[in-house]
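Please walk through this protein with the sequence and the model side by side. The text below goes from one sheet to a few backbone details and then to the surface.

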Amino acid sequence: MEAGFELGFASLSNEVRDRSLPVEGTLPDWLDGALVRNGPATFEAGGERVHHWFDGLAMLHRFAFDGRGDTVSYTNRSLRSETYRRAMATGEISGQFATGGGYLRRVRQLLFGDPTDNCNVHVARVDGTLVAMTEVPRYVACDPDTLETRGEFAFADALTGHVNCAHVLPDPHRGETVGLLTTFGRPSEHTFYRLPDGSRSRERIGSVATESPAYLHSFALTERFVVLTEHPFVTTPASFLLPGRESFVDHYEWKPERGTRFHVLDRETGERVATAVTDPWFVFHHVNAFEADGELVVDLVAYPNADVVDGLYLSEASDWFEHGSDGHLRRFRVQIDGQAVASETLYGGCELPRIAREDRTREYRYVYTQGAAEPDGNHVAKVDVTTGESDRWEESGLFAEEPVFVRAPDAERPSDEGCVLVTALNTDEGRTDLLVLDGETLDERARAPLPHAVPFGFHGRYFEEW
Ligand code: CO
């Protein structure tokens with residue numbers, strides 16, 4: 001294997017616990033929580049390699065800061081899911097997004113009974129428990145300090161679905177988290193729920209019924225509304241019952257003639273207050289949304305079509321790095337009482353956008369995002385969505401992952417005072433570095449090399465406690 005970005009798709013089995021990382025530079029002395037990240041780390045079992053980036057077996061990483069600016073302590077651990085244990089025992093990784101029948105079998109089994117648990121997409125805190133999540137509704141609980149797998153996590157309610165939106169949105173202004181489940185049927189339903197802080201009991205908000213459910217990776221939330229962005233990458237549930245298509249994503253088709261629709265639901269009543277259709281595009285990640293002057297402003301990273309899903313097959317990864325990403329940060333304005341939609345592009349070539357937690361659902365100013373990959377590295381961008389101005393950090397040979405902004409404790413919204421925590425694959429050194437960038441300038445404040453290279457991961461959260 002070459003020492004380039006391919007290292008980001010090489011399996012990692014090494015695990016460490018409470019390793020004090022060497023720190024170059026100065027850590028903020030107010031940083032006293034922990035960043036917990038999730039992502040695929042084992043790409044083969046029994047000599048067989050998975051086909052798609054999304055199909056690697058989950059590993060969690062924890063970076064804990066001491067609140068004095070002295071040390072950062074690192075722990076990483078593969079999720080001991082049933083899928084992981086079966087893969088280690090039998091040499092087969094089954095039940096995945098785009099590799100063989102696993103994920104598909106899981107959806108089939110879900111239609112009649114039992115899904116897989118390789119929760120490699122995101123993490124959340126539910127009723128004081130650290131929970132790993134993926135795109136089917138099985139959840140794995142982990143110890144927030146040691147990252148040891150505690151077993152299956154169960155909600156204390158009867159809500160069900162066949163597909164789980166791994167992005168849930170904690171709303172610090174309302175003391176609840178909003179999430180989304182898709183249930184296949186006639187019709188199928190995309191159902192939003194709320195989960196009050198400290199509870200394990202989800203409450204249904206409302207649903208959007210459809211004959212052709214879309215693949216939904218995230219959604220948008222404002223103070224009063226929840227917004228389902230229905231792009232035309234859709235399936236029909238009956239397709240899952242037919243033979244001939246090998247993987248989960250094979251069952252979804254791009255149907256641009258449908259356009260992309262914003263469905264706006266009242267967070268209190270669940271009533272749909274608007275549906276607006278715009279040109280067709282594909283979205284994984286919403287950035288933020290808020291209400292302003294009778295409009296909903298919805299910021300997201302849009303692609304011209306769903307080709308990006310195929311582009312993330314491991315066999316296609318080199319193309320992806322050579323051609324960059326066609327994900328663009330776009331702002332859509334949707335009339336709350338009408339169908340009009342307007343849009344503008346705020347930044348080109350980016351993914352994995354983040355904002356300050358306190359900015360969610362509110363008018364805000366700054367987005368931090370991963371810049372598109374190129375063969376010798378990528379960049380971290382900071383975009384001022386009020387002016388369109390941007391700054392960037394980059395270093396040749398480094399591939400930055402999702403940049404997580406943590407606002408300084410005394411700073412007020414929408415300030416950029418704080419720091420950006422971002423892991424980056426350092427291909428020259430054959431390892432991953434944790435970088436702490438200045439939230440205002442993106443200047444590097446500190447760097448802590450890890451004892452190994454971490455495969456490219458997905459998402460993380462910064463928890464003030466744990
Ligand atoms: Co995501």
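What follows is a short tour of selected features. The model is predicted.

Start with the sheet. Four strands make it up, and it is open. Their order is β8-β9-β10-β11, with antiparallel pairing. The edges are β8, residues 122-126, and β11, residues 149-153. Each of these edge strands has a partner on one side only. On average, neighbouring strands in the sheet are turned by 35 degrees against each other, direction ignored.

Now look at one pair within it. β8 runs antiparallel to β9, which spans residues 129-133, and 5 bridges link the two. Within this pairing, A124 sits opposite V131 of β9. The loop between β8 and β9 holds D127. The phi angle of D127 is near 50 degrees, a positive value although the residue is not glycine.

Two other loops deserve a look at the backbone. R186 and P187 are joined by a cis peptide bond, with omega about 0 degrees. P187 belongs to the loop that connects β14 (176-183) and β15 (188-196). Further along the chain, a cis peptide bond also links R413 and P414. Here omega is about -5 degrees. P414 is placed in the loop between β32 (404-407) and β33 (418-426).

Finally, turn to the surface. Which residues gather there in a patch of negative charge? They are D250, D307, D310, E316, D319 and D326. One of them, D307, is part of helix α3, which covers residues 307-311.

Note on methods. Residues numbered from 1 in each chain as written. Predicted model: local features only at pLDDT ≥ 70, side-chain atom pairs only at ≥ 80, totals over all residues. Heavy atoms only, no water. Pairing = 2+ DSSP bridges. Axes fitted to C-alpha atoms, helices over the stretch in contact; angles between N-to-C directions. Patch = residues over 30% accessible without salt bridge, like charges linked within 9 Å, V, L, I, M, F, W, Y side chains within 5 Å. Areas by Shrake-Rupley, 256 points an atom, 1.4 Å probe, with all protein chains shown as cover. Salt bridge = Lys/Arg side-chain N within 4 Å of Asp/Glu carboxyl O. Lys, Arg positive; Asp, Glu negative; His and termini not counted. Charge placed at Lys NZ, Arg CZ, Asp CG, Glu CD.
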